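This report describes surface and pocket features of one protein model. The sequence and structure are shown first.

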Amino acid sequence: MIARVLITIGIALYAVAVPILEINDTHVFNPQWPPHARLHEVWQLISNTSIGLLSLWLTWFRNDLKMPAILTFVVTGGFLAAYVLRASYGGSMLHSDGSELTLVGVNAGVLGFGAAFMLAALGLRLERTRS
């Protein structure tokens with residue numbers, strides 16, 4: 001049960017928290033973003049939320065923790081890789097106004113997705129030792 005809860009928390013971070021944080025004028029409705037970039041943002045939000053819903057269904061109704069953990073690794077690992085590579089493509093975590101969402105001095109995305117990645121790994125590890 002603890003493994004399911006840990007994986008669920010990780011899923012909630014990318015499937016629920018991120019859309020809440022990004023459906024506003026810093027992201028989806030940002031007038032400084034080209035319309036094409038906003039389309040990609042909404043696509044990413046819908047895709048990640050859909051992956052999260054599938055993962056929750058697998059976790060709680062199919063008793064499958066391996067695939068939801070792998071999907072969490074893909075979604076959160078993709079973000080972490082993009083963050084690490086940001087200088088190579090001109091990316092940034094700064095908003096258009098120059099602000100950055102941080103928690104305890106660390107970018108909130110890195111902190112949240114790093115935690116989600118680790119929770120999925122821990123949940124998967126707990127499930128494997130239980131089996």
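Does Trp57 count as buried, partly exposed or exposed, and at what relative accessibility? Trp57 counts as partly exposed because its relative accessibility is 41%, where buried means under 20% relative accessible area, exposed over 50%, and partly exposed in between (1.4 Å probe, protein chains only). The model is predicted: local features need pLDDT of at least 70 and side-chain atom pairs pLDDT 80 or more, whereas totals for chains, interfaces and linings use all residues. Residues are numbered from 1 along each chain as its sequence is written, and side-chain values use heavy atoms, with hydrogens and water left out.

**Nonpolar patch**

Trp57 lies in helix H2 and belongs to a nonpolar surface patch with Met1, Val5, Ile9, Leu54, Trp60 and Phe61. Together these residues have about 740 Å² of accessible area (Shrake-Rupley method, 1.4 Å probe, only the protein chains shown counting as cover). Patch members have over 30% relative accessible area and no salt bridge, and nonpolar side chains are joined within 5 Å; a salt bridge is a side-chain nitrogen of Lys or Arg within 4 Å of a carboxyl oxygen of Asp or Glu. H2 gives the most to the patch, with 4 residues. Met1 lies in the segment before H1, and its C-alpha is 9.6 Å from that of Leu126, 125 residues away in sequence.

**Largest pocket**

The largest pocket holds about 1100 Å³ of space. A pocket is an open set of points on a 1 Å grid where a 1.4 Å probe fits, with protein on both sides within 12 Å along at least five of seven lines; lining residues have an atom within 4 Å of a point. The volume is the space filled by probe spheres set on the points. Of its 35 lining residues, Glu22, His27, Glu41, Phe79 and Met93 are the closest to the centre. Helices H1 (2-22), H2 (35-61), H3 (66-84), H4 (86-89) and H5 (108-130) each give two or more residues to this lining; helices are DSSP runs of H or I with at least four residues, and strands are runs of E with at least two.

**Loop residues**

Most residues other than glycine have a negative phi. Asn63 has a positive phi of about 55 degrees, and phi of Val104 is near 45 degrees.

| Residue | Location | Relative accessibility |
|---|---|---|
| Asp25 | loop between H1 and H2 | 54%, exposed |
| Asn63 | loop between H2 and H3 | 45%, partly exposed |
| Val104 | loop between strand S1 (102-103) and strand S2 (106-107) | 80%, exposed |

Conventions: Patch = residues over 30% accessible without salt bridge, like charges linked within 9 Å, V, L, I, M, F, W, Y side chains within 5 Å.
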